[in-house]
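Work through the exercises below with the sequence and the model at hand. Each task is followed by a solution in steps.

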Amino acid sequence: MLDYGIGNLRSAEKALCRVGADARLTADVGIVRDAVAVVLPGVGAFGACMRALRATALEDPALDAVASGRPFLGICIGMQMLFETSAEDEGAKGLGVIAGDVEWIPGDVKRPQMQWNRLHVVRPDDPAFRGAARDPWMYFVHSLHAVPAEPSVVTATCDYGGPVTAAVWQGNVLACQFHPEKSGRNGLAYLQRFVAALPAA
């Protein structure tokens, strides 16, 4: 897990360890390079997180991990960082791994969405949703959501004043807007399926 010094990222690390992963929160480029999979967690604001990722020299290792074909998981702001831009900070550039932008949740709804919400899984072939309970509940804390240029990468949505992107999958990259580490049994199951799909070390 990439440790770029923003927010409390330990809870995601602990959740991954709980489901059997040898998860380590690290800024060591060598460990990131040798990892079987890489996780980009995130809490806070898009621009601040991108600046911190660059300040800790972890942007290139993140992009190298994606390019290597290794499984890569983005969580919450970590999902948003995979896109090109965000309306939250129009001067900040994302990683650009997935074409598209991050936009404010539309409609006349309270922002942030800070609640449990039911997922609508539109692509059950997503490795982290294979065999999942139908329409599982997950916990969200966010004001913006990803709008991919290619809609087919969206694997799950939730309804919050209209459809809101909850998870995406493109090649070796998976990402979720919800917090699996705060989503009880369903969140741990999501992480477990991600871990179970990893190649042997």
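**Exercise 1. Helix α1 and the residue after it**

Task: Find what sign the phi of G20 has, and which residues of helix α1 are buried.

Solution. Note at the outset that this is a predicted model.

Step 1. G20 follows α1, and its phi is positive, near 105°.

Step 2. In α1, which spans residues 10-18, the buried residues are A12, E13, A15 and L16. These four lie on the same side of α1, because they cover an arc of only 160° around the axis.

Step 3. A general rule helps in reading such a pattern: an α-helix has 3.6 residues a turn, so residues three or four places apart point the same way.

Step 4. K14 and R18 are exposed and sit on the face of α1 turned away from its buried side.

Step 5. The cover over the buried residues of α1 includes β1, β2 (72-75) and α6.

**Exercise 2. Helix α4**

Task: State which residues of helix α4 are buried and what covers them.

Solution.

Step 1. Helix α4 takes in residues 59-67, and its buried residues are E59, P61, A62, A65 and V66.

Step 2. Among the elements that cover these buried residues are α2, β1, α3 (46-55), β2 and β10 (173-176).

Step 3. Just after α4 comes G69, with a positive phi of about 90°.

**Exercise 3. One residue of helix α6**

Task: Decide whether Y190 is buried or exposed, and list what Y190 touches.

Solution.

Step 1. Y190 belongs to helix α6.

Step 2. The cut-off for buried is under 20% relative accessible area. Y190 has 0% relative accessibility and therefore counts as buried.

Step 3. Leaving out residues up to four places away in sequence, Y190 touches L73, A128, F129, M138, A175, C176, F178 and P180.

Step 4. One of these contacts is P180. The two residues are ten apart along the chain, and the C-alpha atoms of Y190 and P180 are separated by 6.9 Å.

**Exercise 4. The open sheet**

Task: Work out the order of the strands in the three-stranded sheet, and which strands are at its edges.

Solution.

Step 1. The open sheet has the order β3-β4-β7, with mixed pairing. Its edge strands are β3 (85-86) and β7, each of which pairs on one side only.

Step 2. Strand β4 (residues 100-104) and β7 run antiparallel and are joined by five bridges.

Step 3. Two positions show how they line up: D101 is opposite V147 in β7, and V102 has A146 as its bridge partner there.

Step 4. β7 covers residues 144-148 and is mostly covered, with four of its five residues buried.

**Exercise 5. The largest pocket**

Task: Describe the volume and the lining of the largest pocket.

Solution.

Step 1. The volume of the largest pocket is about 440 Å³.

Step 2. Its lining has 21 residues, and D22, A23, A35, V36 and A37 lie nearest the centre.

Step 3. By class, the lining divides into 17 nonpolar, one polar and three charged residues.

Step 4. At least two lining residues come from each of α2 (29-34), β1 (38-40) and α6 (184-196). The largest share, three residues, is that of α2.

Conventions: Residues numbered from 1 in each chain as written. Predicted model: local features only at pLDDT ≥ 70, side-chain atom pairs only at ≥ 80, totals over all residues. Heavy atoms only, no water. Buried < 20%, exposed > 50% of the residue type's maximum accessible area, 1.4 Å probe, protein only. Pairing = 2+ DSSP bridges. 1 Å grid on protein atoms, 1.4 Å probe; cavity = no way out; pocket = protein on both sides within 12 Å on 5 of 7 lines; lining within 4 Å. Points joined across faces, edges and corners; volume = space filled by probe spheres on them. Nonpolar A, V, L, I, M, F, W, Y, C, P; charged D, E, K, R; others polar. Arc of directions from axis to C-beta. Contact = heavy atoms within 4.5 Å.
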